[in-house]
Amino acid sequence: MNKPLRRAAVFCLALIVALMGWVTWLQGAKASDYKEDPHNPRVTIGKYSAPLGNILVGGEPVTGSAATSDTLKYKRTYTDGPLYAPVTGFTSQIFGSNQLESLYGDLLDGSDSRLQTPADALARERAKGGDVATTIDAAVQKAGYRELGDKKGAAVAMDPATGRILGMVSTPSYDPGTFAGSGGADQKAWRKMSGDTEDPEVNRALRQPLPPGSTFKLVVAAAALEDGLYPSVDEPTHSPDPYTLPHTRTKLTNENAAAPCKNADIRTALQYSCNTVFAKMAVDLGKDKVKAQAEKFGFNDGKVDTPVRAGKSVYPGNMDEAQTALSGIGQFDDQATPLQMAMVSSAIANGGELKTPQLVDKLTDGGGNTVQDNEPKTYGDDKAMSARTAQQLRSAMQTVVDKGTGSGAKIDGLTVGGKTGTAQHGVDNSGTPYAWFVSYAEDGKGHRVAVAVMVEDGHAARNEVSGNGLAGPIARAMMKAALPS
């Protein structure tokens, strides 16, 4: 063979070897990537080739599957879609999925390797979809949704002893079943939801941090008791009324000018929601001590997973003393989700130990056998506060409900503690305030529930907005549903 032909042959052989190596790499190392790529239509065809597994509430499915006449043989259906959308999320043949539908998509469509039997593996068949059992209590969820009604807001109820989320409501909501398919009506429903200025797709319970207002005073009170600044909730504080913000001429006053806020003890200050007491208390403690206490409750943690990730609640660090004072009453740059404030109340109700919030109880295969069981876990490396501090705060919160601003949350047969909040916002505080209510209830038999409610827009006049009037009844209904007499 002459030299030019030999070179050409070697070159062609090298190309063949390279091509074989490339094909082997694609079919081996990269096969799973292409197989799982959402742009691969086979992925979607496989996902909807059989009925999906279900998301369960109280052991009953709140999702389903319906046969279609299209290439995608089944589509997702929802029972009481708007009620449970903040829990389930959505899965759509066109628009993908989110929340539990997304996080457990492999389990629900049967592609999770934990579901595959030897027979499935041998036949290379997809297993029957598994189920996701949530911690939601249907009665609590329905009570919160009913009471929120046409208000824009959210509510979270937790079992303090386990961290199980018993109710997670966000309004306005949406029906994920209206765009679960691939037809024109589904696309129209998606556009309508996406274009809604009320943002129904936002899970306000988890993903919308807002100023917590006076409910944050519980965090400051916990910091003061833990630090020893004041030995008990009944010790008089050193608090002028009005209080001049440090290094300014701005005088901070109280909503009720007749309230006995001057040098009030923590119990009285919570009862009358005294701004002057907690603003000065935050300054006396210093921003670092308040921040440390806030972080024990979950503030500034961007990785609170329920398993759906919650929005980050913020207690700022870079503040002067005047700003620290305002942060002490839940203003300035404080931000909290309803889940975060439920965590605060939950820690207080549970003797100072905060359990990690948990939305999923267990995962099962298509035959009902447990694949994963989620046990309660303590949040953080240490308790959020001592048992004594928690007991003191529970007692003070009971006074708020029995004699103070939270009277609307009283429930016959239950011991109830709470804290109201009205958070200012907008230019020069011109916006309608956010109404908050943070609470817990116990039945005397060892059962407790913690609830946080935020009403962003209750369609009320600005001067009629209050945590007790707007958010309190919602919390009351959820607590009553969680601990029926």
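## Terms and model

Two strands are said to pair if DSSP finds at least two bridges between them. That sense of pairing applies to the sheets described below, in a model that is predicted.

## The chain as a whole

The chain holds 18 helices and 16 strands. Its C-alpha atoms fill a box of roughly 105 × 60 × 40 Å, taken along the principal axes. Of its 485 residues, 50% count as buried. The accessible surface comes to about 21,700 Å², and carbon and sulfur atoms account for 50% of that surface.

Contacts between residues at least 6 apart in sequence can be sorted by how far apart the partners lie along the chain: 67% of them join residues at least 24 apart. As for charge, the chain has 51 positive and 54 negative charges. The mean positions of these two sets are 4 Å apart.

## The antiparallel sheet

Strands of a sheet pair through backbone hydrogen bonds, either parallel or antiparallel. One open sheet in this model consists of 5 strands in the order β9-β8-β16-β15-β14, and the pairing is antiparallel. Its edge strands are β9, residues 165–171, and β14, residues 415–423. Each of these edge strands pairs on one side only. From one strand to the next, the twist averages 10°.

At the β14 edge, the partner is strand β15, which covers residues 434–442. The two run antiparallel and are joined by 9 bridges. Within this pair, T420 stands opposite F437 in β15.

## The mixed sheet

Another open sheet of 5 strands has the order β2-β1-β7-β12-β13, and here the pairing is mixed. The edges are formed by β2, residues 60–61, and β13, residues 370–373, each of which pairs on one side only.

Inside this order, strand β7 (residues 131–134) is paired with strand β12 (residues 360–364). The sense of that pairing is antiparallel, and it extends over 4 bridges. One position in the pair can be named on both sides: the bridge partner of D131 is T364, in β12.

## A covered helix

Helix α11 spans residues 217–227 and is mostly covered, with 9 of its 11 residues buried. The buried residues are K217, L218, V219, V220, A221, A222, A223, A224 and L225. An α-helix has 3.6 residues a turn, so residues three or four places apart point the same way.

After α11 comes G228. The phi angle of G228 is positive, near 90°.

## An exposed strand residue

A67 is found in strand β3, which covers residues 63–67. Residues count as exposed over 50% relative accessible area. A67 is at 63%, and therefore counts as exposed.

Leaving aside neighbours within four places in sequence, A67 is in contact with K73 and Y74. The C-alpha atoms of A67 and P51 are separated by 8.0 Å; these two residues are 16 apart along the chain.

## Cis peptide bonds in loops

A cis peptide bond joins T171 and P172, with omega at about -5°. P172 lies in the loop between β9 and α9, the latter covering residues 184–194. β9 is also one of the edge strands of the antiparallel sheet.

The peptide bond from T306 to P307 is cis as well, with omega near 25°. P307 is found in the loop between α14 (287–297) and α15 (321–327).

## Positive phi outside glycine

N263 has phi near 55°, a positive value in a residue other than glycine. N263 lies in the loop between β11 (251–252) and α12 (266–271). With a relative accessible area of 36%, N263 is partly exposed.

S273 also has a positive phi near 55° and is a residue other than glycine. The loop that holds S273 runs between α12 and α13, with α13 covering residues 275–285. Is S273 buried or exposed? The cut-off for buried is under 20% relative accessible area. S273 is at 13% relative accessibility, so S273 counts as buried.

Key. Residues numbered from 1 in each chain as written. Predicted model: local features only at pLDDT ≥ 70, side-chain atom pairs only at ≥ 80, totals over all residues. Heavy atoms only, no water. Buried < 20%, exposed > 50% of the residue type's maximum accessible area, 1.4 Å probe, protein only. Contact = heavy atoms within 4.5 Å. Areas by Shrake-Rupley, 256 points an atom, 1.4 Å probe, with all protein chains shown as cover. Lys, Arg positive; Asp, Glu negative; His and termini not counted. Charge placed at Lys NZ, Arg CZ, Asp CG, Glu CD. Axes fitted to C-alpha atoms, helices over the stretch in contact; angles between N-to-C directions.
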